[in-house]
Amino acid sequence: MKDPVRIAITGGAGQISYSLIFRIAAGDMLGPDQPVILQLLEIPQAMDALNGVVMEVNDCAFPLVQDIVATDDPNTAFKDADFALLVGARPRGPGMERKDLLEANAAIFSVQGKALNDHASRDVKVLVVGNPANTNALIASANAPDIDAGQFTAMTRLDHNRALTQLAQKTGKHVTDVENMIIWGNHSATQYPDLAQCKVDGKAAFDLVERDWYETDFIPTVQQRGAAIIKARGASSAASAASSAIDHMHDWALGSKGIVSMAIPSDGSYGIEEGIIYSYPVRCQGGKYEIVQGFELDEFSQEKMKATEKELREERAAVEHLLG
Ligand code: NAX
């Protein structure tokens, strides 16, 4: 049996974690031969609820779970963490402006960035799920100068998976027949789900779907899917978000089958400004991701990519004073 790895999860009593923790414990993220130690973080007011979750994990008698830590102290939660899934965040309250939301979360993610810097494994893989995810990841990274910035990522895999299904259903094929799906930019309504490089069963997606469907149906459906789930379910995406977080970490740690979307620090690729966390097409191998280069971008794509880049630059400007 392998040595256990330490997995920190914040927002452990929240709705995403109610699926995420159990699937990680079952081995879905790192495989059926990888024991885990779960290190769960909550705010003090939610510790009773978190302890209830711990009781349930214990009641599952998962063979892979070696230990569970439940705490309201980020320094304890991130101690020696090999993986950190930052799910807990401050939701938008009544009357809260976008700027207030950014600031409230910036406060949380700067504290967590420092705690990761001081206590986590130097190789920790960080995934930020809590919104605004891209900018929260930037803040955490800015507060963790001793950890390589490339180890801070944000989640656009849910958008990627949503896009796969939309295209597969439209073309009467299966998600596994779709290659080269790309989500560019921010995990927000400005994201750009791009079909220009996509193939379904080896055929160019643009030969199979109409341009009009792409522009007026596919793109807005993927961009607005979160709101559609809230409308239908009365609560935001939870199990699907957890599943995508598992896909993101699984592929990063163990390798991706093809191209997947990850929000990562921009290195200037595709003309995107450095210093923001931007979703790119990547391939993962040997515990590392690499941006897939060389895609040709038409004017339509470039415009959409710039629009979502602009939003990320504005988000960064709103929290600049917290970036250290
Ligand atoms: P919940 O409100 O159910 O749970 C969040 C939990 O985080 C709560 O239990 C809360 O007490 C805890 N929390 C708040 N501040 C904390 C802190 N400083 N330290 C530790 N825990 C803290 O939200 P849930 O539905 O689980 O969603 C969590 C986050 O994911 C939200 O920000 C949400 O917007 C975001 N999402 C991101 C997605 C993505 O694709 N990137 C999709 C799904 C989801 O909307």
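This is a dialogue about a predicted model of a protein chain with a bound ligand.

Visitor: How is the chain divided into domains, and how far apart are the centres of domain 1 and domain 2?

Guide: Domain 1 spans residues 5-154 and domain 2 spans residues 156-320. Their C-alpha centres lie 23 Å apart. Across the boundary, 33 residues of domain 1 are in contact with 38 residues of domain 2.

Visitor: Which residues touch the most other members of the largest nonpolar core?

Guide: They are I7, L20, L38, L85 and L167, in a core of 74 residues. This core draws at least three residues from each of domain 1 and domain 2. A second, separate core has 28 residues, including V128, A137, A318 and V319.

Visitor: What makes such a group of residues a nonpolar core?

Guide: The members must be buried residues of listed types, such as Leu, Ile and Ala, joined through side-chain atoms within 4.5 Å. In soluble globular proteins, nonpolar side chains tend to be buried together.

Visitor: What is L85 in contact with, leaving aside its neighbours within four places in sequence?

Guide: L85 is in contact with I7, A8, I9, T10, L20, I24, M29, L127, A245 and M249.

Visitor: Why is N186 called buried?

Guide: The cut-off for buried is under 20% relative accessible area. N186 has 2% relative accessibility, and therefore it counts as buried. N186 is placed in the loop between β8 (182-184) and β9 (192-194).

Visitor: What does N186 touch, not counting residues up to four places away in sequence?

Guide: N186 touches N134, Q191, T308, E311, L312 and E315.

Visitor: What makes the pairing of the N186 and E315 side chains a polar contact?

Guide: A polar contact within protein requires a pair of N or O atoms within 3.5 Å, one able to donate a hydrogen and the other to accept it. The side chains of N186 and E315 are joined by such a contact at 3.0 Å.

Visitor: How do you know that helix α5 is mostly covered?

Guide: Helix α5 comprises residues 133-142, and nine of its 10 residues are buried. The buried ones are A133, N134, T135, N136, A137, L138, I139, A140 and S141. Their cover includes α4, β5 (125-128), β6 (152-154), β12 (260-265), β13 (277-285) and α10 (299-318).

Visitor: Why is A140 of helix α5 called buried?

Guide: A140 has a relative accessible area of 0%, and the limit is under 20%, so A140 is buried. Leaving aside neighbours within four places in sequence, A140 is in contact with F109, G113 and F152. A140 and A106 are 34 residues apart in sequence and 8.2 Å apart in space, C-alpha to C-alpha.

Visitor: Why is A61 called exposed, whereas D201 is called partly exposed?

Guide: Exposed requires over 50% relative accessible area, and partly exposed lies between that limit and the buried limit of 20%. A61 has 61% relative accessibility, so A61 counts as exposed. D201 has 40%, so D201 counts as partly exposed.

Visitor: What is notable about phi in A61 and in D201?

Guide: A61 has a positive phi of about 50° although it is not a glycine. D201, also a residue other than glycine, has a positive phi near 55°. Most residues other than glycine have a negative phi, and most peptide bonds are trans. A61 is found in the loop between α2 (47-60) and β3 (65-71), and D201 lies in the loop between β10 (199-200) and β11 (203-204).

Visitor: What kind of peptide bond joins N131 and P132?

Guide: A cis peptide bond joins them, with omega about -5°. P132 is placed in the loop between β5 and α5.

Visitor: How many residues surround the ligand, and which are the closest?

Guide: The ligand is surrounded by 23 residues, of which Q15, I16, E42, V129 and N131 are the closest. Helices α1 (15-25) and α4 (98-119) each supply at least two residues of this shell.

Visitor: What makes the approaches of Q112, N131 and M155 to the ligand polar contacts?

Guide: The limit for a pair of N or O atoms is 3.5 Å. An oxygen atom of the ligand is 2.8 Å from an N or O atom in the side chain of N131. A ligand nitrogen is 3.3 Å from an N or O atom in the side chain of Q112, and a ligand nitrogen is 3.4 Å from a polar backbone atom of M155. Each of these distances is within the limit. The protein covers 81% of the 880 Å² of accessible area that the ligand has on its own.

Technical notes
Residues are numbered from 1 along each chain as its sequence is written. This is a predicted model: local features need pLDDT of at least 70, side-chain atom pairs count only at pLDDT 80 or more; totals for chains, interfaces and linings use all residues. Side-chain values use heavy atoms; hydrogens and water are left out. Buried means under 20% relative accessible area, exposed over 50%, partly exposed in between (1.4 Å probe, protein chains only). Domain bounds come from an automatic or database domain assignment. Contact means heavy atoms within 4.5 Å. A residue is near a molecule or strand if one of its heavy atoms lies within 4 Å of it. Accessible areas come from the Shrake-Rupley method with a 1.4 Å probe; for residues, only the protein chains shown count as cover. Helices (H or I, at least four residues) and strands (E, at least two) are DSSP runs, numbered from the N terminus.
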